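Subject: The model, and what I found in it

Hi there,

Here is the structure I promised to pass on. Have a look at it first, and then read on for my notes.

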Amino acid sequence: MVATKGRDLDLAATMAELEVPTRDFAWACGDLLDRPNVGFDAAPVPSATNKKRIDYLFEKDLHDLPDSQRPECHKYGGHSYKSVYGRLWWDRPAQTITTGFRAVGQGRFTHPKLPRALTAHEAARLQAIPDYYDFGDEKSTAVATLIGNAVPPKLAYAVTLATVR
């Protein structure tokens, strides 16, 4: 939602003007597969139960965890958010990145090729935050909050461009 006072924006026209091809996970993060598991590239350590869920997705080559593997509170009968505990696709765009990307039980945040949740580096890339951006010495939870709450820079640019025309 974009609000202005005293003028109309043609945000659709601006977005159409800036349209780029759909980008998939491989395009955004394919070069990060072999990064050392430290710092910004460190994968979160899941609980033993969530590790079993992640392994199940890979063993069965699934992207949606079946009800039989979910806790009662996340079974399809109790809600409609089937992406919880889900695995991303290598060749599709990622779903929305939230502050919970480090926990597979908070969305579709299992890496498509590696049996783990996303790293901060991968999540930042999916949000179009450039690699040169320095998050400082923040704790991983603070960095996750910054990334998940960020307006992707390219979206902010498009909205700003529409407001100055």
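One detail to start with: right after H3 comes Asp-61, and its phi is positive, near 50°. Please keep in mind throughout that this is a predicted model.

**The overall picture**

The protein has six helices and zero strands, so the order of elements from the N terminus reads simply α-α-α-α-α-α. Along the principal axes, its C-alpha atoms fill a box of roughly 55 × 40 × 30 Å. There are 165 residues, of which 33% count as buried. Taking contacts between residues at least 6 apart in sequence, 56% of them join residues at least 24 apart.

As for the surface, about 10,000 Å² is exposed, with 54% of that supplied by carbon and sulfur atoms. The protein carries 21 positive and 20 negative charges, and the mean positions of the two sets are 4 Å apart.

**Helix H3**

H3 covers residues 48-59, which makes 12 residues. From first C-alpha to last, H3 reaches 16 Å, close to the 16 Å expected at 1.5 Å a residue. Which residues of H3 are buried? They are Asn-50, Arg-53, Ile-54, Tyr-56 and Leu-57. These sit on the same side of H3, because the arc they cover around the axis is only 155°. Ala-48, Lys-52 and Glu-59 are exposed, and they are carried on the face of H3 turned away from its buried side.

A general reminder fits here: an α-helix has 3.6 residues a turn, so residues three or four places apart point the same way.

**Helix H6**

H6 runs over residues 153-164 and also has 12 residues. Its reach from first C-alpha to last is 17 Å, close to the expected 16 Å. Buried in H6 are Ala-158, Leu-161 and Ala-162. Viewed down the axis of H6, these buried residues fall within an arc of 100°, so they line one face of the helix. Part of what covers the buried residues of H6 is helix H1 (11-17).

**Loops worth a look**

Two loop residues caught my eye for their backbone angles. Tyr-85 is not a glycine, yet its phi is positive, about 70°. You will find Tyr-85 in the loop between H3 and helix H4 (120-126). Is Tyr-85 buried or exposed? With a relative accessible area of 7%, Tyr-85 is buried, since the cut-off for buried is under 20%.

The other is Ala-128, in the loop between H4 and helix H5 (140-149). Ala-128 is likewise a residue other than glycine with a positive phi, near 65°. Its relative accessible area is 29%, which makes Ala-128 partly exposed.

Finally, there is Pro-21, placed in the loop between H1 and helix H2 (25-29). Pro-21 counts as exposed, at 55% relative accessibility. How far apart are the C-alpha atoms of Pro-21 and Asp-91? They are separated by 13 Å, although the two residues are 70 residues apart along the chain.

That is everything from my side for now. I hope you enjoy looking through it.

Best wishes

Methods
Residues numbered from 1 in each chain as written. Predicted model: local features only at pLDDT ≥ 70, side-chain atom pairs only at ≥ 80, totals over all residues. Heavy atoms only, no water. Helix = DSSP H or I, 4+ residues; strand = E, 2+ residues; numbered from the N terminus. Expected span 1.5 Å × (residues − 1). Buried < 20%, exposed > 50% of the residue type's maximum accessible area, 1.4 Å probe, protein only. Arc of directions from axis to C-beta. Contact = heavy atoms within 4.5 Å. Areas by Shrake-Rupley, 256 points an atom, 1.4 Å probe, with all protein chains shown as cover. Lys, Arg positive; Asp, Glu negative; His and termini not counted. Charge placed at Lys NZ, Arg CZ, Asp CG, Glu CD.
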